[in-house]
Each structure stands twice: as C-alpha cells, then as structure tokens.
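Biologist: Please present the model, and let us then ask how each term applied to it is justified.

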Amino acid sequence: MLQKNLTKIIIPAIALFLAINASSQTLRLSGKVINPNNEPLSGATILVEEINTQVIADVEGRFSVNLQPGRKYTITVSRVGYDTKMITDVEVASGQDNTIDIVLEP
C-alpha cells in the first residue's frame, strides 16, 4: 500500500522536474561590440527586449547572455557617443556558432 502511494507521488514529481528542466535549457549568445575602426567599446549596454535582460560589455567589448533556443529576440545596443543599434530576429541554436559582432557608429 505504501509503495503504491509513493509511486503516485514520485512519478508525477519526476515528470514535473523533467518538464521544468527541459523548458529552462538555455544557450549562450556571445559577442563583441566594436566601432568602425575595429576597436572594442567597453561599457556598451546590450538589452534583450523580450526577456528584459541587460548586460554590459567588458573592457574588451565582449558580452554574453543566455537565451532559449527556438525563440527570436530583439537586441538593442547602445553606448554614449554612438548611435543605438537594434538587431531583430536573433536566435541561438545547439551546434551553431552563437556569436555576434556589433559595430556601433559614432
């Protein structure tokens, strides 16, 4: 009797855990923000609109953010003294090169 009750609890709990784990898998989008002279732009702000996540480029202009595969994202990049740039339809995929270089114009 106890084993039957445990089975009724454990199997749905495992299924729920697996469903949550599968839906929360992300892939890393990495990139670099540069100017037209190929110089890194540290401190640039990278905003992923759909998940309201913002990251800041490091001293080498590099950044990374985790995104869910199978979704399209809009990324807005800005820095003082440069035009803001919006990139639409950004996707990440397993087994792909998930990197992007972004050139901001002064």
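**Core and sheet**

Modeller: This is a predicted model. Its largest nonpolar core has 20 residues, of which Leu29, Val33, Ile46 and Val77 touch the most other members. Two or more residues of this core come from each of β1, β2 (45–48), β4, β5 (73–78), β6 (85–90) and β7.

Biologist: What makes a set of residues a nonpolar core?

Modeller: The members must be buried residues of listed types, Val, Leu and Ile among them, joined through side-chain atoms within 4.5 Å. Leu29, Val33, Ile46 and Val77 belong to such a set, so each is buried, with under 20% relative accessible area.

Biologist: What does valine 33 touch, leaving aside residues up to four places away in sequence?

Modeller: Valine 33 touches Glu39, Pro40, Leu41, Ala44, Ile46, Gly61, Phe63, Val77, Ile102 and Leu104.

Biologist: Why are strand β1 and β7 called paired?

Modeller: Pairing requires at least two bridges. Five bridges join β1 (residues 27–34) to β7, so the two strands pair. They run parallel; glycine 31 has isoleucine 100 as its bridge partner, and isoleucine 34 has valine 103.

Biologist: What makes β4 and β7 edge strands?

Modeller: The open sheet has the order β4-β1-β7, with mixed pairing. β4 (62–67) and β7 (99–103) each pair on one side only. Neighbouring strands of this sheet are turned by 25° against each other on average, direction ignored.

Biologist: Which side chains of β7 are buried, and which are not?

Modeller: Ile100 and Ile102 point to one face and are buried. Thr99, Asp101 and Val103 point to the other face and are not buried.

Technical notes: Residues numbered from 1 in each chain as written. Predicted model: local features only at pLDDT ≥ 70, side-chain atom pairs only at ≥ 80, totals over all residues. Heavy atoms only, no water. Helix = DSSP H or I, 4+ residues; strand = E, 2+ residues; numbered from the N terminus. Axes fitted to C-alpha atoms, helices over the stretch in contact; angles between N-to-C directions. Buried < 20%, exposed > 50% of the residue type's maximum accessible area, 1.4 Å probe, protein only. Contact = heavy atoms within 4.5 Å.
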